[in-house]
Amino acid sequence: MNKKILAIEGSPRKGGNSDLLCDAFLKGAAEMGNFTEKIYVQDLKLQPCLACYGCRDTQKCVQKDNMHNVIEKMIEADVILLATPVYFYSLSGQMKVFIDRCLPKYEKISKKDFYFVATAADENALLERTFDALAGFTDCLPWSKVKAKIYGGEFYEKGKIKGSKAEQEAYELGKKA
């Protein structure tokens, strides 16, 4: 059975290291016959959550932007890949805003398999804080499971991860997704 695989790329720059790992994962998944799609958070028109709870009864955010369509794609997906560069030992600001804006329908983003990608100039062990932050999101999603974390540590310059062990791992995990 072919799966719908949605990648959410939280980097502000295309072609960066987290983006390349995201592409490798999606390439592996597509080669296995899965439907793949990537959304760049940077390209969305998003505002931070207002914490107004206007969505409590309606399950729709009061803000008029691109988030509603993306949440619907998340609900339809079987597998979701969250990819982010590490900034000050945590998620990119774009990814954090994105996650917060999932509030209106977070309970419907359920029963998903998740994969995480994080890249940074520092060693892999220091990516754990970022993975913990991503897990804070998935912990709120009923019956969702983190299948794997893809570590892209020790890559600073844009594109340096190309041809690395991490890129190969992302590709292989995509084939198994």
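## Close-up views of a predicted model

**View 1. Strand β1 and its partners β3 and β2.** Five bridges join β1 to β3, and the two strands run parallel. The structure shown here and in the views that follow is a predicted model. Within the pairing of β1 with β3, the bridge partner of I5 is V79 in β3. On the other pairing, strand β1 (residues 4-9) is joined to β2 by six bridges, and these two strands also run parallel. Here I5 stands opposite T36 in β2, so that I5 can be followed to a named partner in β3 as well as in β2. The chain passes from β1 through α1 to β2, and this β-α-β crossover is right-handed. Further along the pairing of β1 with β2, E9 has Y40 of β2 as its bridge partner.

**View 2. L6 within the covered strand β1.** Five of the six residues of β1 are buried, and the strand is accordingly mostly covered. L6 is found in this strand, and because its relative accessibility is 2%, against a limit of under 20%, L6 counts as buried. Leaving aside residues up to four places away in sequence, L6 touches E37, I39, K73, M74, A77, V79, I80 and L81. A further relation across the chain is that of L6 to L82: the two are 76 residues apart in sequence, yet their C-alpha atoms are 8.7 Å apart in space.

**View 3. The open sheet as a whole.** Five strands form an open sheet in the order β2-β1-β3-β4-β5, and the pairing is parallel. The edges are occupied by β2 (35-40) and β5, each of which has a single partner strand, so one side of each is left without a neighbour in the sheet. From one strand to the next, the twist averages 15°. Helix α5 packs on this sheet, where it touches β3, β4 and β5, and its direction makes about 150° with that of β4.

**View 4. Strand β4 between β3 and β5.** Six of the seven residues of strand β4 (residues 113-119) are buried, so β4 is largely enclosed by the rest of the structure. Strand β3 (residues 79-85) pairs with β4 in the parallel sense over seven bridges, and within this pairing L82 has F116 of β4 as its bridge partner. Between these two strands the chain crosses from β3 through helix α4 (residues 93-100) to β4, in a β-α-β crossover that is right-handed. The pairing of β4 with strand β5 (residues 145-152) is likewise in the parallel sense and extends over seven bridges, with V146 in β5 as the bridge partner of F114. The chain then reaches β5 from β4 through helix α5 (residues 128-138), and this β-α-β crossover is right-handed.

**View 5. V41 in the loop after β2.** V41 has its place in the loop between β2 and α2 (55-58). The residue is buried, with a relative accessible area of 5%. When residues up to four places away in sequence are not counted, V41 touches I8, E9, G10, L46, Q94 and F98. V41 can also be set beside M95: the two are 54 residues apart in sequence, and their C-alpha atoms are 7.0 Å apart in space.

**View 6. D57 in helix α2.** D57 is found in helix α2, where it is exposed, with a relative accessible area of 75%. The C-alpha atoms of D57 and D113 are separated by 27 Å, and the two residues lie 56 residues apart along the chain.

**View 7. The crossing of helices α1 and α6.** The axes of helix α1 (residues 17-31) and helix α6 (residues 165-176) come within 6 Å and cross at roughly 35°. The crossing in which α1 passes α6 is right-handed. On the side of α1, the residues in this contact are L20, L21, A24, F25, K27, G28, A29 and E31, and they meet A166, E167, A170, Y171, L173, G174 and K175 in α6. The residues of the contact divide into nine nonpolar, two polar and four charged.

Methods:
Residues are numbered from 1 along each chain as its sequence is written. This is a predicted model: local features need pLDDT of at least 70, side-chain atom pairs count only at pLDDT 80 or more; totals for chains, interfaces and linings use all residues. Side-chain values use heavy atoms; hydrogens and water are left out. Axes are lines fitted to C-alpha atoms, for helices over the stretch in contact, and angles run from 0 to 180 degrees between N-to-C directions. Helices (H or I, at least four residues) and strands (E, at least two) are DSSP runs, numbered from the N terminus. A crossing is left-handed if the near helix is turned anticlockwise from the far one by less than a right angle, and right-handed if clockwise. Contact means heavy atoms within 4.5 Å. Ala, Val, Leu, Ile, Met, Phe, Trp, Tyr, Cys and Pro count as nonpolar, Asp, Glu, Lys and Arg as charged, and the others, Gly among them, as polar. Buried means under 20% relative accessible area, exposed over 50%, partly exposed in between (1.4 Å probe, protein chains only). Two strands pair if DSSP finds at least two bridges between them. A crossover is right-handed if, with the strands pointing away from the viewer, the path from the first strand over the helix to the second runs clockwise.
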